[in-house]
Amino acid sequence: MTILKMYITLAPCILAGILNMLWCRTSLCRSLAKPIDSGKCLSDGKRIFGGNKTWAGFFGMIFCSAVCQTLWGFACRLPALADKNYIYIHNSNTVSLNAALGGLMGLAYVLFELPNSFVKRRLEIPSGKTVSGLKGKIFFIIDQVDSLFGVMLVYAAFYPMTARQYFLYIALGAVTHIAVNAALYALKIRKNL
């Protein structure tokens with residue numbers, strides 16, 4: 001397993017995350033920019049997920065993932081990439097496979113972010129904000145990896161992956177997530193790291 005092949009396999013997920021962030025900033029998605037929890041609170045008086053988990057981001061990530069995976073499938077037909085994507089080493093590179101894989105990947109991405117948001121609201125960490133101290137450091141790490149656990153479960157369903165490989169993908173994805181967030185923050189596309 002090489003880092004290059006891992007990146008080539010993960011590329012649609014990385015691109016979909018960036019595109020979804022850009023999509024959520026457009027005026028086109030305003031009608032969907034409603035919180036998933038509809039602003040409701042639990043008996044503790046705290047929001048379920050918070051204002052940053054919106055239907056625009058939810059459906060946007062599923063759509064962006066399906067599109068990115070499908071387009072990446074076409075790119076991976078080029079000789080330079082054809083044998084470097086673990087998905088296509090084990091599966092036929094078809095539009096239907098890519099659309100299904102991408103849609104499932106996007107769904108897993110957004111679903112696996114929700115428990116983290118739920119816990120952060122219970123701990124009174126405001127939506128989209130960071131906190132200092134040990135709690136802040138722990139949640140900084142969790143924020144980088146929560147969605148990756150779901151994405152890699154989907155990938156593992158499409159090709160045989162050992163537990164070691166699974167966690168290597170999580171580590172690589174986390175480092176990449178931090179680097180991408182830093183770049184988007186520097187470009188003023190993202191509000192915080």
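**Salt bridges, core and empty space**

Trainee: Let's start with lysine 84: is it buried, exposed or partly exposed?

Mentor: Keep in mind that this is a predicted model. Lysine 84 comes out at 26% relative accessibility. Buried needs under 20% and exposed needs over 50%, so lysine 84 counts as partly exposed.

Trainee: Which side chain does lysine 84 meet in a salt bridge?

Mentor: Look for a carboxyl oxygen within 4 Å of the lysine nitrogen. Here the N to O distance is 3.4 Å. The partner is partly exposed, at 46% relative accessibility. The side chain that lysine 84 meets is aspartate 83.

Trainee: How many salt bridges are there by this rule?

Mentor: As a general matter, side chains of opposite charge can pair when their charged atoms come close. The cut-off here is 4 Å between the side-chain nitrogen and the carboxyl oxygen. By that rule the count of salt bridges comes to six.

Trainee: How far apart are the closest N and O atoms of arginine 47 and aspartate 37?

Mentor: Aspartate 37 is buried, with a relative accessible area of 5%, whereas arginine 47 is partly exposed at 24%. These two side chains form a salt bridge, and their closest N and O atoms are apart by 2.7 Å.

Trainee: And where do arginine 47 and aspartate 37 sit in the chain?

Mentor: The two residues of this salt bridge are 10 residues apart. Both arginine 47 and aspartate 37 are in the loop between helix 1 and helix 2.

Trainee: Which residue forms a salt bridge with arginine 122?

Mentor: The closest N and O atoms of that pair are 2.8 Å apart. Arginine 122 lies in helix 5 and its partner in the loop between helix 1 and helix 2, so the pair ties together parts 78 residues apart in sequence. Arginine 122 is buried at 19%, and the partner is partly exposed at 37%. That partner is aspartate 44.

Trainee: Now the core: what does valine 151 touch, not counting residues up to four places away in sequence?

Mentor: Valine 151 is among the residues that touch the most other members of the largest nonpolar core, which has 40 residues. Helix 6 (133-158) is one of the elements giving two or more residues to this core. With residues up to four places away left out, valine 151 touches Cys13, Met105, Ala108 and Tyr109.

Trainee: How much space lies in the largest pocket?

Mentor: The lining has 49 residues, with Met21, Asn52, Lys53, Glu113 and Arg190 nearest the centre. By class, that is 21 nonpolar, 18 polar and 10 charged residues. Helix 1, helix 2, helix 5, helix 6 and helix 7 each supply at least two of them. The space in this pocket is about 1500 Å³.

Trainee: Which element gives the most to the lining of the largest cavity?

Mentor: The search of the whole structure finds one cavity of 30 Å³ or more, and the largest cavity has a volume of about 50 Å³. Its lining includes Lys120, Ile125, Phe139 and Asp143, and by class has four nonpolar, two polar and three charged residues. With four residues, the element that gives the most is helix 6.

Key:
Residues are numbered from 1 along each chain as its sequence is written. This is a predicted model: local features need pLDDT of at least 70, side-chain atom pairs count only at pLDDT 80 or more; totals for chains, interfaces and linings use all residues. Side-chain values use heavy atoms; hydrogens and water are left out. A nonpolar core is a set of buried Ala, Val, Leu, Ile, Met, Phe, Trp, Tyr and Cys residues joined through side-chain atoms within 4.5 Å. Buried means under 20% relative accessible area, exposed over 50%, partly exposed in between (1.4 Å probe, protein chains only). Contact means heavy atoms within 4.5 Å. On a 1 Å grid over the protein atoms alone, a cavity is a set of points where a 1.4 Å probe fits but cannot get out, and a pocket is an open set with protein on both sides within 12 Å along at least five of seven lines; lining residues have an atom within 4 Å of a point. Grid points are joined across faces, edges and corners, and a volume is the space filled by probe spheres set on the points. Ala, Val, Leu, Ile, Met, Phe, Trp, Tyr, Cys and Pro count as nonpolar, Asp, Glu, Lys and Arg as charged, and the others, Gly among them, as polar.
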